[in-house]
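Q: I am new to this structure and would like a close look at one part of it. Could you walk me through the second largest pocket and then lead me outward from there?

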Amino acid sequence: MKHRIVVLGAGYAGAFAAGNLARRLSPADTEITVVNAVPDFVERMRLHQLAIGQDLAFRKLADVFADTGVRLRLARVTGVDPERRTVAVTGEDGDGELAYDTLLYALGSSVAHHGVPGVAEYAFDVVGRSSALRLRERLADVGEGGTVLVVGEGLTGIETATEFAESRPDLSVALAARGELGAWLSPKARRHLRRAFDRLDITVHEHTGIEAVEPTRAIAADGRSIPADVTVWSAGFAVPSIAAASGLEVAETGQIVVDRTMRSVSHPDVYAAGDCAYAIGQNGRALPMSCASAGYTNMQATAAIIARLTGSKVPTTGLNYHGNHISLGRRDAIFQMVDGDVRPKSWYLGGRTAARLKSGVLRGAGWGIAHPTFGMPKRKRRLATTPDRSGVRVAA
């Protein structure tokens, strides 16, 4: 029987991983299935552009995986049974179940409401395509002088606020930050960020926690009322509860606790990559939920899976977080390098050069997704024949 590999999720982590597995493992020995809820690859890092009205082309996953040997199952994951090694799904074909020998869990994350009243009912977000399209429709109805409040001073919040202000100068855009805007940047980069906010006429409410969202305003922790025809919530991410409900060992965040090779510490036939993995970087800290972390963790997970299935030595890939790349609209950006302790280095790149670099990164990621088996070896690696007690094949 072929070794069944099931990949849950086809975002940056899952799609790259599936392509890498298909590129390096022999189809005579393996059967790779990707489960995803939507038919397209969603470039999450560009959803704020979609929300403000820019037209983006989405690649069909059926086209991405055509002629690769990867099977695509369009369905939503509803549960995982790691003891029976099955995944429960529901889709247009109804409910179903997939069996696996090796599972790669890469279901990503959604917006974190943090229990703030009114967020679920009245706020918008740019974490998923459907939610970005919902926001796009709402913004189209907001006329000149309308107010938009972005909550959250992280990468998503900054990119959203600047994109909206540049694309819709007729709107009054504000950002609510719990701390100081850009506090995690170097002094020079922080000044660049503030100049960009001033240029785009974005109001910043620093040291302002939002404790409630209403249809036309947000209520700050100090009782202030901040007008907002539209509130965009970008105050962090949360992972699905599926892993915790399945019995896999998870951290307080709900992320799957993995070892250095992205293998579940409780179930050795399960791997995790992307936002769903609680992975410790080389600095001893948990990797942040980010596209960069999705790249590091999916490369490590696929390398470990391939090595263990083919009886090779498991390699370790780098798990260093190198920096933050922040778009400030279409013509400006900041690239801030960090050291091993994630402290900002004094050097940073800004302006049009940084914007072109960010654009190149996005195009490169999109091209990599569209060509998942580029450079496919003529002779793919065959599996070893002797399974260990976990069912993973090892060298005979």
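A: Happily! The largest share of that pocket's lining, 8 residues, comes from helix α10, which covers residues 352-370. Please keep in mind that this is a predicted model.

The second largest pocket has a volume of about 210 Å³. It is lined by 15 residues, and those closest to its centre are Arg330, Lys358, Ser359, Leu362 and Arg363. What kinds of residues make up the lining of the second largest pocket, by class? There are 8 charged residues, along with 4 polar and 3 nonpolar ones.

From here, let us turn to the strands that come before helix α10. Strand β22 takes in residues 323-327 and strand β23 residues 333-338; the two run antiparallel and are joined by 5 bridges. To find one of these pairings on screen, look for Gly323, whose bridge partner in β23 is Met337. Together β22 and β23 make a hairpin, with 5 residues between the strands. In that turn you will find Gly329, with a positive phi of about 85°.

Strand β23 also pairs with strand β24, which spans residues 344-350. This pairing is antiparallel and has 4 bridges. Here Val338 has Pro344 as its bridge partner in β24. Once again there is a hairpin with 5 residues between the two strands, β23 and β24. Its turn holds Val342, which has a positive phi of about 60°.

Now for a salt bridge: the side chains of Asp339 and Arg343 meet at 3.1 Å, N to O. Asp339 is partly exposed, with a relative accessible area of 23%.

That contact leads us to the wider set of salt bridges, since a search of the whole structure finds 23 of them. One that is worth a visit joins the side chains of Asp275 and Arg44, at 3.8 Å from N to O. How many residues apart are Asp275 and Arg44? They are 231 residues apart, and the pair links distant parts of the chain. Asp275 sits in the loop between β20 and β21, while Arg44 is in the loop between β3 and α2. Are the two partners buried or partly exposed? Asp275 is buried, at 11% relative accessible area, and Arg44 is partly exposed, at 23%.

Asp275 has another role to show you, as part of a cavity lining. The search of the whole structure finds 1 cavity of 30 Å³ or more, and the largest cavity has a volume of about 40 Å³. Among the residues lining the largest cavity, besides Asp275, are Gln255, Gly274, Leu287, Pro288 and Thr297. By class, this lining has 4 nonpolar residues, 4 polar residues and 1 charged residue.

One last stop is the salt bridge between the side chains of Glu180 and Arg194, at 3.9 Å from N to O. Glu180 lies in the loop between β12 and α7, and Arg194 in helix α7, so the pair ties together parts that are 14 residues apart in sequence. Glu180 counts as partly exposed at 33% relative accessibility, and Arg194 is partly exposed too, at 29%. These two residues belong to a network of salt bridges that links Glu180, Arg190, Arg194 and Glu206.

Key:
Residues numbered from 1 in each chain as written. Predicted model: local features only at pLDDT ≥ 70, side-chain atom pairs only at ≥ 80, totals over all residues. Heavy atoms only, no water. 1 Å grid on protein atoms, 1.4 Å probe; cavity = no way out; pocket = protein on both sides within 12 Å on 5 of 7 lines; lining within 4 Å. Points joined across faces, edges and corners; volume = space filled by probe spheres on them. Nonpolar A, V, L, I, M, F, W, Y, C, P; charged D, E, K, R; others polar. Pairing = 2+ DSSP bridges. Salt bridge = Lys/Arg side-chain N within 4 Å of Asp/Glu carboxyl O. Buried < 20%, exposed > 50% of the residue type's maximum accessible area, 1.4 Å probe, protein only.
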